[in-house]
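Reader: I'm new to this one, so could you walk me through it?
Author: Gladly; let us bring it up and begin with a single residue.

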Amino acid sequence: MFKKILVPTDGSELSDLAARAAVDFARGIGAEIVALSVAQPFPLVPSAEGAMVTDPGVETLVLLEHAEQSAGKVAERAKA
């Protein structure tokens, strides 16, 4: 039937429940799980004078780390 199942996740409780169901389903039919989490940085807004400026590189790294952790949770569940 299905050979691969794409499981998108954002790390939320709801996506964790969906991932759990997808892993159980894949296990039952012998399919492979492909976990996906997207890290999309917010658009940069020019700051006003005196406003705190954030480093967009740090923000991107934090978003990437969160996406990797979210997809990693799905992978760990599938391996268990």
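Author: At 10% relative accessibility, Ser15 counts as buried, because buried means under 20% relative accessible area (exposed is over 50%, partly exposed in between, with a 1.4 Å probe and protein chains only). This is a predicted model, in which local features need pLDDT of at least 70, side-chain atom pairs count only at pLDDT 80 or more, and totals for chains, interfaces and linings use all residues. Residues are numbered from 1 along each chain as its sequence is written, and side-chain values use heavy atoms, with hydrogens and water left out.

Reader: Where is Ser15 found?
Author: Ser15 lies in helix H1, where helices (H or I, at least four residues) and strands (E, at least two) are DSSP runs numbered from the N terminus.

Reader: And which side chains does the Ser15 side chain make a polar contact with?
Author: The Ser15 side chain makes one with the side chain of Thr9 at 3.1 Å, and another of 3.0 Å joins it to the side chain of Asp10. A polar contact is a pair of N or O atoms within 3.5 Å; within protein, one must be able to donate a hydrogen and the other to accept it, and residues adjacent in sequence count only if both atoms are side-chain atoms.

Reader: Switching topic, how do the elements run in the protein chain?
Author: From the N terminus on they run β-α-β-α, with two helices and two strands in the protein chain.

Reader: What share of the chain's residues is buried?
Author: Buried residues make up 20% of the 80 residues in the protein chain.
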